[in-house]
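Biologist: Before planning anything at the bench, I would like to go through one binding site in this model with you. Could we take it step by step, starting from the contacts?

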Amino acid sequence: QDAEAGVERARQALAVYQEKPVFKAPAEPFDAKACAKGKRMLSIPNSSANPFLKGIIDRMKLVGKELGLDVVEWENQGQPSQWVQGFEYAIRDKFDIIDLISGIDPATVAPQVKAASDAGVKVMTSHFYDPSDKQSPLVSSSLTIGFNEIGKILGNWAIANTDGKANIILVVSNEVPPTAPLVRGIKSALADNCPDCKIAQEINVGVTEWATKIQPSVQSAVQADPDVNVVIPIYDSMSQFVVPALRLTGKTGSVKVATFNGTPFVLDFISQGVVDMDIGESLDWIAYATIDGHLRDACGLKSPSALNVPFYIFDKNNVADAGSPAKFDTGYGDAYVAGFRKLWGLGAE
Amino acid sequence: MSFGDGEGALTARSEGSASRTGLPPVLRLRNVAKTFGGAVALGGVSLDVAAGEVHGLLGKNGSGKSTLVKILAGFHAPDPGSSMEVDGQPVALPLKPGDFRRLGMSFVHQNLGLIPSLTVLENLRLSALTSPGRAWIDWKAERSAAREALETFGLRLDILERVDRLSPVNRALLAIVRAFEDIRSGLEGSGRPGLVLLDEPTPFLPREGVEKLFGLVRSISDRGSSVVFISHDIDEVMAITDRVTVLRDGHVAGSLVTKDASHDAVVQLIVGRELARSAPARTARKVERPVRAVIEGVEGPRLAPCSVTIAQGEILGLTGLIGSGYEELAYLVFGATRAAGGTLALDGAEPLELPAMTPRRAIDRGLALLPGDRQNASGVDSLSLLDNMFLPDVDRFFRRGLLDHRAMRQEAEALGKAFEVRPNDPIQKLSALSGGNAQKVLIARWMNRKPSLLLLDEPTQGVDVGTRQQIFAALRAAAADGMSVICASSDAEQLAEICDRVLIFARGRIVKELVGAEITKDRIAEATYASLDGMGALPPDERPEDEMQ
Amino acid sequence: MTEAVATRKKPAVNYHRLFERVALVLVWLIIIAVFGAIMPRSFLNWGNFSIMFASYAPAALLALAIIVPLTAGDYDLSVGATLTLSSCVIGVLNVWAGLPILLVVLLALLAGLVVGLVNAFFIVYVRIPSLVVTLGTTSLMTGIVQWMTNSSTIGGIDNALIMAVVGGRLFGVPYAFYYALVAAIAMSYVFDFTPLGRRLLFVGRGREVARLNGIAVDRVRVGALVASGVISAAAGVLYAGVLGSADPYSGLNYLLPAFAAAFLGATTILPGRFNPWGAIVAVYFLATGITGLTMLGIPLWVTNVFNGGALILAVTISQLTRGREASDIG
Amino acid sequence: MTEAVATRKKPAVNYHRLFERVALVLVWLIIIAVFGAIMPRSFLNWGNFSIMFASYAPAALLALAIIVPLTAGDYDLSVGATLTLSSCVIGVLNVWAGLPILLVVLLALLAGLVVGLVNAFFIVYVRIPSLVVTLGTTSLMTGIVQWMTNSSTIGGIDNALIMAVVGGRLFGVPYAFYYALVAAIAMSYVFDFTPLGRRLLFVGRGREVARLNGIAVDRVRVGALVASGVISAAAGVLYAGVLGSADPYSGLNYLLPAFAAAFLGATTILPGRFNPWGAIVAVYFLATGITGLTMLGIPLWVTNVFNGGALILAVTISQLTRGREASDIG
Ligand SMILES: Nc1ncnc2c1ncn2[C@@H]1O[C@H](COP(=O)(O)OP(=O)(O)OP(=O)(O)O)[C@@H](O)[C@H]1O
Ligand SMILES: Nc1ncnc2c1ncn2[C@@H]1O[C@H](COP(=O)(O)OP(=O)(O)OP(=O)(O)O)[C@@H](O)[C@H]1O
Ligand SMILES: [Mg+2]
Ligand SMILES: [Mg+2]
């Protein structure tokens with residue numbers, strides 16, 4: 001009885017993520033053009049090789065251009081020494097904003113963050129901290145993203161799609177900071193809504209070892225416990241190694257795969273029926289929201305504490321909306337474009 | 001003093017400089033033994049080297065001479081029970097690396113002990129450059145010390161040249177200069193006479209170089225230092241040593257005072273039996289035989305265009321001073337070194353262009369080459385006898401899509417038996433064989449193919465007297481069956497024993513041909529040196545740049 | 001007398017050698033037994049092994065690719081990047097350009113061939129050490145792959161390839177494994193039963209000797225490098241088939257394990273020589289360890305320790321068995 | 001006459017050699033000029049260079065670490081893992097265990113020393129090829145680091161270390177660079193002006209011969225491996241200081257670039273020999289290329305192509321200059 005109620009709660013919690021996202025203004029309107037005038041922002045991604053981040057930055061450049069904000073990407077191969085150079089470049093070239101986008105922990109470059117702040121360059125992060133995280137005091141502002149919320153979605157989805165009998169293999173990368181809140185989210189959803197569900201194994205694989213370790217580990221885990229019915233690789237790029245593991249063990253379809261990031265090839269996996277759901281965010285939306293938040297901070301306005309980009313669940317029912325082959329920001333609607341333009345005091349496009 | 005101004009034949013060691021009595025021996029070894037994984041290399045050798053003495057160390061290949069030398073260099077650790085005294089003081093064994101310097105020893109090792117990829121300077125000053133306890137290398141001082149040393153020994157080399165770009169002769173001289181220089185500076189430093197150990201220093205040297213070396217040996221032994229001299233050349237040993245010790249299978253077979261011993265007595269002690277020197281049956285072969293190969297205008301780095309014809313069943317010797325180009329011919333004909341020009345016509349067929357010759361083509365046409373550099377060019381130590389034997393013709397065993405390992409093994413075993421390879425286990429690695437036995441395997445490789453023309457470079461270098469005879473016999477037998485042989489060698493005795501005809505080279509040209517009864521050790525040696533005299537008449541700037549300068 | 005000594009010694013030596021030849025296989029069986037005892041149901045079943053055999057097939061092929069030039073005396077560090085290149089060629093041309101899969105597979109193998117030729121040109125003709133050249137081409141290819149794929153994973157590779165690699169099964173084992181097996185059989189035939197194999201060995205052990213015995217040394221080396229390029233491209237094809245997608249980053253991670261397997265394999269079957277069966281045994285030995293450990297739920301760091309420890313231990317034991325005689329490998 | 005010929009030839013030879021010695025430096029200056037012309041303001045200023053010098057200091061130190069055993073004839077693939085180990089030792093002991101930073105730095109260096117000893121034990125005493133041993137210890141250390149750090153990045157390293165590494169500046173360049181510089185000076189003193197350096201060289205070029213000539217070959221090799229362990233641990237300390245944190249995964253990414261720099265460095269200053277100044281020039285040459293390309297906003301894949309292309313090209317030119325004589329490197 002209690003179990004059924006839990007499943008119902010889970011279903012209800014999911015409902016909001018299955019509707020087309022709507023735009024909610026993050027804060028008061030302001031004159032974005034005036035604010036952006038002459039300002040420059042250096043975006044340092046975790047690695048330029050990451051297409052997700054590259055996509056966000058490319059879109060930020062476009063949005064910035066319209067507002068008069070010069071957005072520059074610091075291309076790097078994910079080597080911290082290159083991040084360090086990026087900071088120095090920004091300080092030297094008198095940028096106004098350094099945007100650490102999704103992955104560079106300000107704590108790992110603490111000396112540089114301090115140097116930049118001292119030099120008057122505001123360091124901001126976006127799409128990195130969970131609201132519950134303790135943020136680096138050196139950072140001017142952070143646009144958080146609800147990793148914990150994502151965890152809850154994943155957890156509830158597992159509950160709802162196994163009728164409360166989820167037996168889960170979690171694939172995580174503990175060295176990436178968002179992992180912790182995300183996993184907490186999954187666990188809290190299970191604890192709240194499904195006392196019978198359990199996590200059969202939590203496999204921790206470093207990002208550099210994904211290619212060599214995920215597939216064999218998942219295979220072993222699935223075989224060690226034949227009752228497993230859900231695999232959650234928390235970042236969807238992991239799923240390219242999870243899918244073959246299930247295919248080889250003959251569990252494709254019977255073991256469900258739920259993941260997060262909305263990377264196009266994974267959305268294609270959904271249409272092929274080898275992955276069951278992927279939580280996505282619109283890159284373009286992120287780009288708008290990031291520019292909005294950072295500009296506010298740069299002009300002394302109060303920056304929203306969160307990115308406020310809604311999450312959207314793709315599954316076999318709606319994956320066709322993402323295009324074929326899928327694209328990064330297709331399928332989310334375009335409510336945000338008009339929304340932000342209005343907020344910034346721009347005319348319609 | 002220079003290595004260059006050599007004169008006639010080896011002169012016998014004079015009286016008077018013999019060992020000084022009363023002093024303790026410079027080196028006293030007692031019961032020195034060395035076992036390599038079960039194989040006994042030295043079985044308990046006891047030996048005294050007196051002060052001021054030139055001590056010959058003789059023995060067949062693998063009898064343990066080099067092993068003994070390497071124990072003294074601290075390279076091998078002798079088995080427990082060995083003991084050693086220097087100047088009457090006991091020395092703890094095994095020696096630590098570098099101990100030999102402290103004890104006043106210096107070496108010319110069998111493979112010279114030079115590092116090819118480094119410069120003359122670095123090799124020559126090795127001990128000064130690497131001795132611990134100096135905080136700073138004064139390169140200027142080192143350079144002038146090196147130049148001075150080379151100057152003293154009359155050796156003109158660019159001290160910044162890499163050793164691998166030197167000719168073999170200069171390399172040998174460099175090693176010798178280094179050894180004597182170390183002893184000289186040791187003598188200056190401590191005033192204590194030292195001990196030079198020369199492990200087969202002469203095979204690379206031309207006659208006048210040998211003479212000069214002997215001059216050096218005498219001069220330092222006169223000043224009280226001692227020399228241990230290892231060679232397979234009995235004449236050299238008779239000429240320079242005061243006393244000889246002969247090793248056989250790792251044991252001392254006997255010791256002789258040189259001036260009281262005869263050549264034959266020494267040989268007998270080495271071989272352990274009397275050696276019947278077979279007189280070559282040359283006279284019977286004077287008949288006209290069909291031509292096997294016509295080599296026209298072959299030209300190489302050191303060889304001016306020259307032509308050679310060889311008949312079927314003929315054994316043709318090539319010799320001359322080192323650097324005269326005789327040693328190149330075989331490599332040029334075989335395509336091992338690219339010829340600048342020339343042709344080769346075999347058995348009356350169309351002439352082949354030599355510059356386009358490759359070892360593969362040569363082999364396909366029935367040629368075979370046994371290079372002088374056994375370690376690097378002839379056999380692969382880390383592979384089995386079997387693999388080494390059938391290297392050029394594995395294809396022969398490729399039957400019905402499979403290599404017939406059984407047939408290979410059987411044939412290898414038979415071949416090993418025929419050439420008296422010991423131990424005759426085809427699966428064993430070549431490195432497990434002694435030098436002489438390895439050479440037998442490699443000769444067997446080529447003889448087994450029944451080549452029409454066999455090219456040899458120093459086929460018995462470093463091979464003991466007994467094995468030499470076996471090899472000679474095999475060559476003669478094959479020649480009797482029609483195989484032609486070209487044998488390049490600096491060893492007049494060897495040529496005298498097997499050749500039907502000998503060509504003497506000087507400055508890249510054939511200057512003399514010896515046939516029939518002219519072929520004796522003495523005539524060959526004489527002709528070799530006469531060849532130089534003949535060139536003395538050339539105007540100075542046309543003087544060839546031979547190795548010695 | 002020497003003869004007699006030799007004969008008396010022989011059996012002892014052979015006994016040692018035999019033990020050395022099968023030692024790794026024995027250890028493999030032992031760890032299977034141990035894991036089997038702990039997890040009789042989940043570990044000790046055919047399904048588990050058949051999957052392991054298939055999923056490590058690309059790694060096995062990569063180890064095979066490496067030992068060809070290693071035997072001829074050259075290091076090929078570029079095999080990892082070639083694997084990536086090949087699988088991304090498949091991804092780009094099949095998924096994005098829509099070329100038919102068969103053609104694309106051929107083009108991927110062709111890419112491997114070109115890589116081999118480029119390596120060979122610099123190694124054999126310009127005479128740059130193989131380590132340097134293949135380090136350079138690794139970096140070059142990594143760049144090209146990033147350019148080609150926009151640094152993104154390409155999913156949706158033609159199902160025909162996936163079916164051909166992991167779809168069909170024989171004795172419950174997906175085909176992937178048999179491709180590696182066939183490669184090993186072919187290679188061990190070439191290595192041990194053809195003159196080409198002997199030539200390869202001689203070129204690796206003594207280049208000058210080989211040349212003077214009429215072996216076209218340069219040609220053999222070029223051939224070995226090209227073979228390694230093509231085989232690692234084939235590993236890339238298998239990899240694309242196993243994953244069903246092309247990942248621009250994963251190849252390099254397979255480089256060190258493949259070398260480790262090649263060296264580990266040289267301690268077994270034919271100790272002291274790089275040999276195909278040894279490499280295969282080594283790959284699956286390590287795979288078994290990892291599978292067993294992960295099934296026990298042991299954290300992944302242990303598998304790294306296991307990999308490193310097994311390599312060092314095996315080579316040490318092999319070395320001690322041979323009484324510290326200089327080894328031919330490495 | 002020979003003398004005369006030799007004298008006549010000499011200047012030509014020396015001219016060639018001189019060119020070869022400075023060729024890479026010239027190319028470096030050229031690319032600086034090119035980037036400078038394109039971006040006079042942002043590229044061609046001292047700030048840019050000073051930060052480049054500092055941020056590549058750990059990489060430079062790693063390249064220096066590698067050339068010590070390379071000169072003595074051993075490959076040390078474990079330097080990348082040692083860097084990681086050292087910086088994670090600092091992270092764990094300083095941040096988690098709260099030990100004082102000075103002690104922790106010493107312990108990190110000690111860890112490098114232990115790694116060197118372990119490598120040396122297997123390489124020198126058990127006589128396993130260095131490539132195999134260091135491949136194995138890399139895997140072992142990777143496992144240990146993951147265990148130690150729970151596979152997570154550790155931030156918050158004592159500010160004193162950060163200040164000592166990137167806090168203070170001299171001529172605008174953070175101290176980090178000077179540590180690498182001091183290491184290069186010390187190393188080039190040892191390599192060129194002490195008997196130890198010659199011993200190292202002799203051991204690398206001919207082990208048997210070195211031993212015959214009374215050099216304690218084993219001791220020299222052990223020393224070289226230990227030095228390489230300690231220097232790469234020092235690189236790890238710098239790395240931790242530059243970042244202010246310890247990352248359990250990044251070290252391996254520095255391995256191939258460091259080798260590339262070591263080989264590239266062997267084409268310059270003292271061509272044909274691994275030499276510290278050459279390694280330093282090579283690291284900063286590559287760094288300049290990458291920095292310039294990045295500033296131009298050129299896509300990432302180009303930098304990989306640049307890295308690989310520069311390595312192959314430089315070694316090719318160096319090789320052709322020396323008339324294809326067999327090279328000593330590699
Ligand atoms: N590495 C090895 N493994 C096994 N046996 C070996 C090894 N090296 C040498 N032997 C054996 O030791 C014996 C003596 O070999 P050694 O090389 O000393 O002979 P040698 O006196 O130099 O002979 P030669 O005059 O033919 O060179 C031979 O029977 C050889 O088979
Ligand atoms: N490193 C080694 N390992 C195994 N056996 C060895 C080794 N070095 C020498 N031997 C063996 O020791 C024996 C003595 O060899 P050694 O080199 O001392 O002979 P030698 O008298 O100098 O012969 P040669 O006249 O050919 O120089 C040989 O049987 C040889 O094979
Ligand atoms: Mg011998
Ligand atoms: Mg000897």
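**Contacts and metal at the site**

Modeller: In this predicted model, an oxygen atom of ligand 2 has a polar side-chain atom of Thr67(B) at 2.5 Å.

Biologist: How much of ligand 2 does the protein bury?

Modeller: Besides Thr67(B), the side chain of Ser66(B) places a polar atom 2.5 Å from an oxygen atom of ligand 2, and an N or O atom in the side chain of Gln110(B) is 2.7 Å from an oxygen atom of ligand 2. Ligand 2 taken alone exposes 620 Å², and the share of this that the protein buries is 67%.

Biologist: Which element gives the largest share of the shell around ligand 2?

Modeller: The shell holds 13 residues, with Lys65(B) and His232(B) among the closest, and it divides into two nonpolar, eight polar and three charged residues. The largest share, three residues, comes from α1(B).

Biologist: Which residues coordinate the magnesium ion (ligand 4)?

Modeller: The magnesium ion (ligand 4) lies 5.2 Å from the magnesium ion (ligand 3). Its own donors, at 1.7 to 2.1 Å, are OG of Ser66(B) and OE1 of Gln110(B). The two are 44 residues apart, one in helix α1 and the other in the loop between β6 and α3 of chain B, and the residues asked for are Ser66(B) and Gln110(B).

Biologist: Does Ser66(B) count as buried or exposed?

Modeller: Gln110(B) has 35% relative accessibility and therefore counts as partly exposed. Ser66(B) has 16%, which is under the 20% cut-off, so Ser66(B) counts as buried.

Definitions and conventions:
Residues numbered from 1 in each chain as written. Chains lettered and ligands numbered in written order. Predicted model: local features only at pLDDT ≥ 70, side-chain atom pairs only at ≥ 80, totals over all residues. Heavy atoms only, no water. Donors = N, O, S within 2.8 Å, 3.2 Å for Na, K, Ca; no water. Helix = DSSP H or I, 4+ residues; strand = E, 2+ residues; numbered from the N terminus. Buried < 20%, exposed > 50% of the residue type's maximum accessible area, 1.4 Å probe, protein only. Near = heavy atom within 4 Å. Polar contact = N/O pair within 3.5 Å; in protein donor to acceptor, adjacent residues only side chain to side chain. Areas by Shrake-Rupley, 256 points an atom, 1.4 Å probe, with all protein chains shown as cover. Nonpolar A, V, L, I, M, F, W, Y, C, P; charged D, E, K, R; others polar.
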